[in-house]
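Hi there,

Here is the structure I promised to pass on. Have a look first, and my notes follow below.

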Amino acid sequence: MEVLNRFCNTVSSTVSQLQGVLPGNPVTREYEVTKHIASAGPGLLWKIYSGYKKSTKQAASIFVFEKRQVVPQDRDILVETLKRGVAQLTKLRHPQILVVQHPLEESRDCLAFATEPVFSSLANILGKTDNLPQNNDILNGYKLFDVEIKYGLMQIGEGLTFLHKDAKIVHHNLCPSSIIINDQGAWKIFGFDFAVQNSSTDSMPIWACQEEDCGSSYPHALAHPHQDYLAPECFSNDNKTLGPPSDIYSLGALIYALYNEGRSPFNGDRRLARLKNSELNLSKVADGLRQLVKMMLHPSPELRPDEHEFLKTSFFEDVGVKALNYLDSLFQWDNKQKSHFYKGLPQILGQLPQRVCLYRVVPCLSKEFVNPMMVPFVLPSVFVIAENCNKQEFISHILPHLKAVITIQEPIQVLLIFMQRMELMLKMTPSEDVKSDVLPLLYRALESDSQDIQELCLSVLPTFAELIEYPAMKNALLPRIKRLCISTSFVSVRVNCLVCIGKLLDYLDKWLVMDEVLPFLPQIPSKEPAVLMGILGIYKLVLNHKKMSMSKEIMAQKVIPFLMPLCVENFLTLNQFNALISVVKEMISKVELEHRVKLEQLHEQQQTLDTSLPSAKIIAPPVQPSVNSLNDLLTLEKITIPATTTVNSPSLQDKQLTFEEKQRLIREEDATKQMMSGPQTLTPSPAPTAIQKTTIKDLTANLLDTNKFTVNNGISQSGNNPNIQTTISGNIGNIGMKSGIMGTGPNSYGRGRNVVGGVDAFNGNSTMLNSFRSNSSTSESLNSIVNTNQVNWTSWPSPPVLQPASKLMPNIQSNTVTKQLSKDEINDLLS
């Protein structure tokens with residue numbers, strides 16, 4: 001809670017400060033101020049804020065001078081001094097001069113201008129905390145490394161060379177508050193408030209020192225150079241002429257302060273400046289600079305070294321310094337020279353501090369990412385730096401630059417380097433960036449034509465499989481691996497595909513494996529032993545996997561038929577054969593065990609149902625034979641088909657049956673009840689013990705042969721012939737008994753006459769026979785039919801409409817005389 005309160009107080013104080021910093025200043029129209037980070041300039045009057053340009057979001061630093069810091073009577077003089085220095089700074093353009101992005105703007109309360117992003121001033125790093133925020137954890141305990149000091153001094157020397165030789169300007173206030181360190185660690189010259197320009201038009205420049213610049217009577221204590229770093233000639237009454245040696249003296253005093261915790265050589269006592277500098281204690285100065293600093297602090301300007309002599313000293317002959325210097329001047333080199341330098345850079349980076357690598361080397365290397373041909377030479381150095389970073393440093397300083405080149409497809413070496421360093425990237429990259437940037441890189445690697453890239457990609461994929469979402473795994477990654485495994489011509493790539501799939505099984509579900517992985521294995525167009533062992537390994541992993549199990553149907557129908565022919569191949573070694581046959585045996589034994597258990601369970605269930613449930617017999621109705629002709633009807637036997645169906649009663653206790661079995665028993669019980677509630681089947685009368693086959697005799701032929709029937713005026717003369725009576729009554733009686741049904745014939749020749757199968761339906765008893773005999777009309781009609789058409793009764797078709805014989809029996813038994821038919825009527829009926 002205390003930390004949160006502290007954070008809230010800091011934010012509120014910063015917001016209140018920012019609201020009062022730039023009230024109405026034009027700089028606020030284009031730049032957004034975020035945080036107070038440092039201070040610089042004379043007396044550290046300039047407050048430095050971090051920020052960015054609103055239109056482009058480009059990072060920047062905003063320098064602000066609040067007029068309320070000084071008393072009103074001295075304000076005008078001090079404001080003019082600061083305005084003169086910023087105006088001079090804006091005119092200068094050099095790598096070692098602070099870059100101004102927005103010129104000075106003045107408002108009623110402050111002065112402000114914007115520069116390149118700044119980290120701090122050298123005075124703040126050396127412990128000067130004027131105009132600094134109270135809680136500045138970045139500067140607390142900040143120490144400069146030797147290589148930073150060396151390269152920083154070299155940059156200051158190069159900046160002085162530019163001022164003295166090209167701009168013809170003497171800085172006249174070179175001190176820690178006038179040195180700015182930008183966000184990349186480069187040292188920049190600032191604070192031209194007291195700069196002296198060349199006043200001569202000749203080739204020999206002359207820098208005339210003004211009275212207010214050189215004397216000790218200044219209108220304000222802050223409106224003059226820092227006296228601890230001024231050369232002795234600036235205090236002489238005899239010589240008022242300044243020159244480059246004055247800045248060299250100030251540089252020597254600056255070097256002394258760097259190695260003495262910010263203390264100047266004379267620490268404010270200017271009388272010591274006239275003493276011999278041999279009495280100065282230079283023990284803390286670096287060995288390579290000790291003699292040089294002694295010369296730079298010499299009271300006589302003629303004995304001081306110039307800028308070139310300062311830069312050529314052996315102190316700067318350092319590998320790290322040279323590397324940093326080369327990085328700053330790479331824009332002057334061609335690609336061949338750059339490539340030679342970048343090849344040896346990874347060995348040099350080990351000698352540089354990590355902070356220097358992050359803030360100085362990486363920004364320089366990232367500038368080369370715009371040139372695709374140089375990216376393969378730059379990336380190894382970037383990854384060497386990334387190895388020594390923590391995750392936060394990697395995300396802040398390296399990952400943004402890598403995202404710019406992670407999509408480069410040509411040259412192919414870029415993709416190869418990423419694959420070689422993929423483990424490091426996955427370790428440092430957040431999961432969101434892995435999904436958005438790294439996964440597409442791996443997809444491109446799988447589709448590449450390079451064998452090395454494909455193998456590297458397959459080897460690193462399982463290491464971050466948990467970061468891949470299931471839809472991406474199913475729809476994007478796995479299909480690419482399968483396609484590569486089938487289409488590649490390299491055995492090593494195919495084996496790596498199988499190994500990768502085997503390692504990914506833990507991240508796949510059972511159904512994806514059964515539907516996509518296992519059916520794919522027999523499709524691999526290769527039978528090399530290494531490939532077969534890879535396939536066998538996947539089968540074995542699936543067979544023994546705790547989350548997925550291969551069903552006995554898949555093993556028996558798909559896997560075993562695929563593996564068995566491989567067991568007899570001659571190219572297998574003994575170990576490979578043993579591994580293959582062991583997996584086949586394991587599958588067969590598993591199929592046998594599972595199926596045996598299944599069959600035993602089914603057998604036990606059947607026995608339990610048979611012994612526990614009573615049976616009910618249901619007599620099925622007999623199947624009625626079809627009658628197609630009179631001959632079939634006469635020779636048809638009585639058939640009785642007793643069908644019994646056993647239905648088990650659901651009286652078994654529920655705890656012995658499963659839910660599915662209970663449902664099945666209830667359905668069977670319902671079916672039994674429906675059958676029991678239907679009409680009872682009549683058991684037909686038993687058939688005769690012996691069936692005599694009688695040849696069907698043509699009745700018309702018998703009548704003609706015996707001449708006992710004549711057609712004479714429609715009157716029968718032989719109606720009492722016993723042979724005819726026996727034949728008709730016997731046959732018709734048999735018809736009535738065997739069929740049990742009666743119908744109306746298709747060609748009825750008398751009203752109210754009923755026929756069965758084309759003949760009259762009589763029961764064959766004496767009453768019906770007497771009725772038949774006494775019916776003269778019937779005899780006459782029969783004679784007429786026989787004599788006219790000689791129709792065979794057995795050829796009549798079966799009746800389409802059948803009726804029970806019991807309904808028609810009264811009509812047959814009646815002795816009513818039927819109307820006699822004429823010959824024309826008979827012919828019409830027969831036609």
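In helix 23 (residues 552-563), the buried residues (under 20% relative accessible area, 1.4 Å probe, protein chains only) are Lys 552, Met 555, Val 559, Ile 560, Phe 562 and Leu 563. They lie on the same side of helix 23 because they cover an arc of only 150 degrees around the axis, taken from the directions from the helix axis to the C-beta atoms. On the face turned away from that buried side sit Gln 557 and Lys 558, which are exposed (over 50%). The cover over the buried residues includes helix 22 (529-544) and helix 24 (574-612), with contact meaning heavy atoms within 4.5 Å. Helices (H or I, at least four residues) and strands (E, at least two) are DSSP runs, numbered from the N terminus.

A word on the caveats: this is a predicted model, where local features need pLDDT of at least 70, side-chain atom pairs count only at pLDDT 80 or more, and totals for chains, interfaces and linings use all residues. Residues are numbered from 1 along each chain as its sequence is written, and side-chain values use heavy atoms, leaving out hydrogens and water.

Now to the sheet. Five strands form an open sheet in the order 1-2-3-5-4, with antiparallel pairing (a pair needs at least two DSSP bridges). Strand 1 (31-40) and strand 4 (100-106) are the edge strands, each pairing on one side only. Strand 4 pairs with strand 5 (residues 110-115) over four bridges in the antiparallel sense, and His 102 has Ala 114 of strand 5 as its bridge partner.

Happy browsing!
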